[in-house]
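Reader: Please take one part of this model and look at it closely. I would like the aromatic pairs, with the setting they sit in.

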Amino acid sequence: MKKITIAIDGFSSTGKSTLAKQLAAALGYVYVDTGAMYRAVAYFAMQHNLVSETHLDKSGLVAQLPNINLRFQFNPTLGFAEMYLNNENIENQIRTIEVSRMVSKVAEISEVRAKLVEQQQAMGKDKGIVMDGRDIGTVVFPDAELKLFMTASSKTRAQRRFDELVEKGQHITFEDVLQNVEERDYIDTHREDSPLVKADDAIEIDNSSLTKKEQFELVLNLVKEKL
């Protein structure tokens with residue numbers, strides 16, 4: 001059976017990762033969460049005082065890139081791969097609102113994008129992969145057989161992210177989360193290098209009023225058409 005590459009792009013908190021995990025599990029494909037890779041670099045930068053609310057030491061971070069080793073390791077208990085930075089499991093640390101505030105700043109740096117895109121392309125060279133991010137269908141895999149572009153209203157997305165963070169025990173206000181979603185939208189769509197745009201041949205899915213099950217079934221049918 002032929003294998004394809006599935007590229008899922010879209011705004012933050014549109015459920016890209018949830019959908020990508022569902023598809024990978026159903027198809028027996030490899031799932032790569034590129035957002036986790038950028039979050040890991042942002043976490044590294046925070047740990048080394050290279051980024052904060054008020055400053056970004058771009059040259060300092062670029063100089064440190066050779067010292068950043070990223071890998072995914074499958075966790076059979078959880079059913080998905082977790083992010084490791086220099087052999088330390090940082091899956092929980094990178095999912096905080098603090099890292100969310102820094103990740104778009106770090107992702108704007110061309111040298112960071114170049115390093116991660118190269119790794120992502122290597123991961124997907126044999127196809128049979130589902131990858132989600134901001135520039136998968138436009139930059140990482142412009143020839144992907146199926147490209148999806150996920151969107152939803154900013155308030156819907158902020159509510160989803162807020163519920164997720166509260167469930168994890170984080171103390172946060174809805175207003176803070178909404179502000180973060182809107183700031184990331186602006187930075188992601190306005191950066192010079194690989195801004196978030198819908199690929200010409202991508203299928204747009206607004207999931208503001210779709211359940212996870214409805215969305216999965218809709219996309220699985222699109223995949224079957226390609227196969």
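**The aromatic pairs in their setting**

Author: F162 is buried, with a relative accessible area of 19%. The cut-off for buried is under 20%, so F162 meets it at 19%. Keep in mind that this is a predicted model.

Start with the search itself. Across the whole structure, 2 aromatic pairs turn up. One of them joins F11 and F149: the ring centres are 5.9 Å apart and the planes stand at 80°, so this pair is edge-to-face. The edge-to-face class takes planes over 60 degrees apart. The pair links distant parts of the chain. F11 sits in the loop between β1 (5-10) and α1 (16-27). F149 belongs to strand β7, residues 146-151. In sequence, 138 residues separate F11 from F149. Both F11 and F149 are buried.

Now back to F162. Its partner is F174, and this aromatic pair is edge-to-face as well. Here the distance is 6.1 Å centre to centre, with 85° between the planes. F162 lies in helix α7 (residues 154-167) and F174 in helix α8 (residues 174-190), so the pair ties together parts that are 12 residues apart in sequence.

Helix α8 also holds D176. How far is the C-alpha atom of D176 from that of F162? The separation is 9.0 Å, for residues 14 apart along the chain. D176 is partly exposed, at a relative accessible area of 30%. F162, by its 19%, is buried.

Next, the chain around these pairs. It contains 9 helices and 8 strands. Of its 227 residues, 49% count as buried. Contacts with a separation of 6 or more come 71% from residues 24 or more positions apart. The radius of gyration is 17 Å; a compact globule of 227 residues would have a value near 17 Å, so the two agree. Along the principal axes, the C-alpha trace spans about 50 × 40 × 35 Å.

Last, the surface and the charges. The accessible surface of the chain is about 11100 Å², and carbon and sulfur atoms supply 50% of that. Side chains carrying charge number 28 positive and 34 negative. The centres of these two sets lie 4 Å apart.

Definitions and conventions. Residues are numbered from 1 along each chain as its sequence is written. This is a predicted model: local features need pLDDT of at least 70, side-chain atom pairs count only at pLDDT 80 or more; totals for chains, interfaces and linings use all residues. Side-chain values use heavy atoms; hydrogens and water are left out. Helices (H or I, at least four residues) and strands (E, at least two) are DSSP runs, numbered from the N terminus. The radius of gyration is taken over C-alpha atoms; the globule rule is 2.2 Å times the number of residues to the power 0.38. Buried means under 20% relative accessible area, exposed over 50%, partly exposed in between (1.4 Å probe, protein chains only). Contact means heavy atoms within 4.5 Å. Accessible areas come from the Shrake-Rupley method with a 1.4 Å probe; for residues, only the protein chains shown count as cover. Lys and Arg count as positive and Asp and Glu as negative; His and the chain ends are not counted. The place of a charge is taken as NZ of Lys, CZ of Arg, CG of Asp or CD of Glu. Rings of Phe, Tyr and Trp (its six-membered ring) pair if their centres lie within 6.5 Å; planes under 30 degrees apart count as stacked, over 60 as edge-to-face and the rest as tilted.
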